[in-house]
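Hi,

Here is the structure I promised to pass along. Have a look at it first, and my notes follow underneath.

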Amino acid sequence: MSARGASLFVRGARSFASVAGAAHERSTPAFLDVRIVDGRIEAVGPNLERGELELLDADGLCVIPGLVDVHVHFRDPGLEHVEGWDHGSAGALHGGVTSVVEVQNNAPLTTTRALLEERIEHVRRRSRVDFGCLANLVEASLPELAAMAPLTPAFKCFLGGSTGVGGQADEGKLRELFQAAARAGRMIVAHCEDETTLQRDKARLVDSDPHATVAVHHLARSSEAELRSIETAIELARESGALLHVFHVSSQVGADAVARARRSGQWVRASTAPHFLLLSNEDAPRLGNLLKVNPSVKTPGDALGLCAALSDGAVDAIGTDHAPHPLEFKQRAYAKAPSGMPSVDLLWPLTFELVRRGWLDAECALASVTWRAAESVRLLRKGRLARGFDGDLVLFDPDERRTVRGAALPSRSKWSAYEGLELHGWPRLVVRRGEIAWRNGAPTSLAGGRPLELEPPQPARVG
Ligand SMILES: [Zn+2]
């Protein structure tokens with residue numbers, strides 16, 4: 001194996017278009033071969049020459065690019081017992097994910113170059129998938145942003161507070177953070193919920209009501225809070241020249257605000273999450289605190305609006321915001337239960353479900369977890385089955401159905417908000433840079449992930 005990866009010849013895989021396309025395409029399945037040399041794709045097409053390459057017979061399974069999850073929390077270092085890269089990256093492979101962008105939201109936050117280097121080395125020894133470690137955009141990290149920029153895909157800014165990290169309500173301070181990120185030449189990825197609105201509604205709906213349940217969560221963390229914060233982030237990015245990716249857009253009005261900025265020509269990207277598409281506030285009685293995530297899961301109308309926003313290009317990606325917590329923590333009273341749910345283990349079956357239900361067309365759904373996801377966080381060589389891209393791919397049987405059982409998933413949390421749901425297309429085999437990384441329901445190695453390849457930082461000219 002070369003430093004970049006292994007070589008492999010994948011023979012006879014069905015193309016995704018032939019599986020998920022229109023009825024007339026179903027009757028004429030297209031079969032593809034993929035030549036991967038030293039970790040990179042050299043050719044994709046029917047009847048390719050194998051040469052000396054090691055053979056992997058796809059046996060009619062369907063092939064898609066390895067998925068890119070733009071937002072996971074593996075809580076390691078710091079809270080390894082809650083997830084850790086060992087379990088987290090095995091879960092990623094289970095979900096067909098070969099690249100993750102990871103957000104540290106527990107101590108130690110990544111605020112210096114030394115801490116970032118240490119974290120990357122820590123993860124390199126443990127991750128089974130390629131990874132990017134986000135650096136935190138907080139006051140403490142300001143002097144180190146330029147030094148961190150070459151090693152991180154983006155700076156993570158919490159405009160609204162969430163599990164583990166407080167929000168930044170002071171617009172003057174936020175402006176300073178955005179300007180500094182722009183000078184350092186790296187994109188800002190933002191958790192957008194307006195901290196002042198959150199505090200007001202929490203006092204009104206949660207603090208004053210000892211019997212409050214998760215049924216009020218979408219009001220305590222409202223669409224209004226998301227909209228205000230997205231508008232603030234867009235405005236600060238515009239004036240500073242910073243590139244902005246709005247993480248986990250959860251509401252129709254939030255997606256509309258991103259769409260307006262994009263129409264004006266500003267570089268803004270956005271992602272949503274599977275739970276905002278497949279669940280709604282109406283699931284609160286059934287799921288209890290398992291539904292408690294930040295931003296909150298909004299109404300069925302918002303879910304429809306977000307599917308439309310993915311389809312029309314206002315929102316680019318579906319990232320899981322995989323945020324595992326022990327079940328006993330989630331069983332606390334609503335006000336005390338931590339926010340977040342795991343789902344990296346299910347990213348491809350959940351995305352495929354959106355296609356099967358007819359909520360997203362196949363091409364859009366696939367793009368939102370592959371090439372558009374990669375582009376939205378400016379990764380190189382990820383997300384496409386095309387010459388020059390990394391040899392990351394997933395083989396799955398679109399007709400294979402399984403019922404979600406949280407206890408059987410690799411994530412340490414051992415519960416799922418999708419428990420009992422029957423999903424199709426579970427990844428059978430996952431290849432990472434030419435190497436088989438997942439086979440027969442288990443990872444094949446203890447590590448092997450590499451830091452994601454990044455563009456050099458591009459400092460904005462700030463007035
Ligand atoms: Zn998150």
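**Helices H15 and H16**

Leu347, Thr351, Leu354 and Val355 of H15 are in contact with Ala362, Ala365 and Val369 of H16. Sorted by class, that contact has 6 nonpolar residues, 1 polar residue and no charged ones. Before going on, a reminder that this is a predicted model.

How do the two helix axes sit relative to each other? H15 covers residues 347–356 and H16 covers residues 362–369; their axes come within 9 Å and cross at roughly 155°. Angles over 145 degrees count as roughly antiparallel, so H15 is roughly antiparallel to H16. As for handedness, the crossing of H15 and H16 is right-handed.

**The two domains**

Zooming out, the protein chain is divided into domain 1 (8–64 + 387–414 + 422–443) and domain 2 (65–376). H15 and H16, at residues 347–356 and 362–369, fall within the 65–376 range of domain 2. The C-alpha centres of domain 1 and domain 2 are 28 Å apart.

How many residues of each domain are in contact with the other? There are 25 from domain 1 and 35 from domain 2. On the domain 1 side, these elements each supply at least two of the touching residues:

- helix H1 (16–20)
- strand S15 (393–396)
- strand S17 (422–424)
- strand S18 (427–432)
- strand S19 (435–439)

By class, the side of domain 1 that touches domain 2 has 16 nonpolar, 5 polar and 4 charged residues.

Over to you!

Note on methods
Residues are numbered from 1 along each chain as its sequence is written. This is a predicted model: local features need pLDDT of at least 70, side-chain atom pairs count only at pLDDT 80 or more; totals for chains, interfaces and linings use all residues. Axes are lines fitted to C-alpha atoms, for helices over the stretch in contact, and angles run from 0 to 180 degrees between N-to-C directions. Helices (H or I, at least four residues) and strands (E, at least two) are DSSP runs, numbered from the N terminus. Angles under 35 degrees count as roughly parallel, over 145 as roughly antiparallel, 65 to 115 as roughly perpendicular and the rest as oblique. A crossing is left-handed if the near helix is turned anticlockwise from the far one by less than a right angle, and right-handed if clockwise. Two residues are in contact if their C-beta atoms, placed from the backbone, lie within 7 Å. Ala, Val, Leu, Ile, Met, Phe, Trp, Tyr, Cys and Pro count as nonpolar, Asp, Glu, Lys and Arg as charged, and the others, Gly among them, as polar. Domain bounds come from an automatic or database domain assignment.
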